[in-house]
Amino acid sequence: MIDLRSDTVTMPTAAMRAAVLDAELGDDVYGEDPTVAALEARAAALVGLEAGLFVASGTMGNLCALLTHAARGQRVVCGRDSHVYCYEAGGASALGGLVLDPVPNLADGGLALDALDAALPSPDDPHVAPTGVVTIENSHSRCGGAAVTAAVTRAIVARAHAAGVPVHVDGARLINAAVALGVPPAALGAGADSVQLCLSKGLGAPAGSVLLGAAGFVARARRGRKMLGGGMRQAGVLAAMGLVALETMPARLHLDHARARRLADAVRARCGARLDVAPPATNVVLLRPRPGGPSADALVAAVRAHGVLLSTLGADRARAVTHLGIDDAGIDRAIAAIAACA
Ligand SMILES: Cc1ncc(COP(=O)(O)O)c(C=O)c1O
């Protein structure tokens, strides 16, 4: 099968597996796992923030961040299409007593600034839940893998900070965005207060994320991680693979982006009358059926019979995500399958 459902389906490389054998381990809940500490420091340096916290998943990293920035009863202003709002099981509300306040996402992955301003009301107004944190996503998955520029992030951060509100970046694919924009990952922090970086997406590690921020923020988030059951003992076995991912995988992400572009261009050329295909910025290709084209569900089912796996994104779009398990031959097969079925 050519599995383009997500870049989460990758298997660890031989170098990652080998790193586990030699990893120095300790009890990370006591702060004694040197491999976890090395990963946290390496990720913090990469993103230009002071400290890091290794967590089990991107969802846990985002949740720890939101619970650390905002108190019960406060608002989390997020994009209507954000992963935090759409796909994290409402954890911030269910577990943190936070109110998710979605504002429209723009095509560039940013937030509609007028709606953001309206969601940053005076903290003295007793009618409204005060806003505790603003969160943005980079790259933005449901915006077709849009790479959010530092300028867009800076504009959001400036507004939020002017209202005394911190900003969290869901950077599950921040390195993809940095590669696409040709800037260092640290540039995309752009003054934000925390960043969550996934090791298990384009970077190919089997599990884990790092939540990054100032040392005081990370110390408080550490208690949140414990509360969520995310304190892992000899977590260095995972962190060792994460370190290899951070060291070796960013240099190959441009290949995933080029393959996504080739897939999008070929599908547009062959099926443009039936599928609307925007040029991908990173490794995500969205296929939106035009009137008269197949439904997204029907397309996904039909290409499956040709050995190609896509996912649906809502009712009206199919999605293909390139990653280290997809080579040029896989892209050729996917193009042929989609052209045969669309
Ligand atoms: C943008 C984004 N944020 C967060 C996550 C959550 O990551 P995890 O699946 O590790 O919980 C994902 C997962 O695909 C994602 O795409």
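**View 1. Strand β10 and its pairing with strand β13 in a predicted model.** In this close-up of the predicted model, Val-285 has Ala-320 of strand β13 as its bridge partner. That partnership belongs to the pairing of β10 with β13, a strand made up of residues 317-321, and the two are joined in the antiparallel sense over four bridges.

**View 2. The hairpin formed by strands β9 and β10.** Strand β9, which covers residues 275-277, runs antiparallel to β10 and is joined to β10 by three bridges. Within this arrangement Val-277 is found opposite Leu-287, a residue of β10. The two strands, β9 and β10, make a hairpin, and six residues lie between them.

**View 3. How strand β10 is covered.** Strand β10 is formed by residues 284-289, and five of its six residues are buried, so that the strand can be described as mostly covered. For a reader who has followed the two preceding views, this is the strand that pairs with β13 and that also forms the hairpin with β9.

**View 4. Arg-154 in helix α7.** Arg-154 lies in helix α7, which spans residues 150-162. Arg-154 is classed as partly exposed because 16 other C-beta atoms lie within 10 Å, a count that falls between the limit of 20 or more for a buried residue and that of 12 or fewer for an exposed one.

**View 5. Contacts and separation around Arg-154.** When residues up to four places away in sequence are left out, Arg-154 touches Ala-190 and Gly-191. Arg-154 and Ala-115, by their C-alpha atoms, are 16 Å apart in space, while 39 residues separate their positions in sequence.

Definitions and conventions. Residues numbered from 1 in each chain as written. Predicted model: local features only at pLDDT ≥ 70, side-chain atom pairs only at ≥ 80, totals over all residues. Contact = placed C-beta atoms within 7 Å. Pairing = 2+ DSSP bridges.
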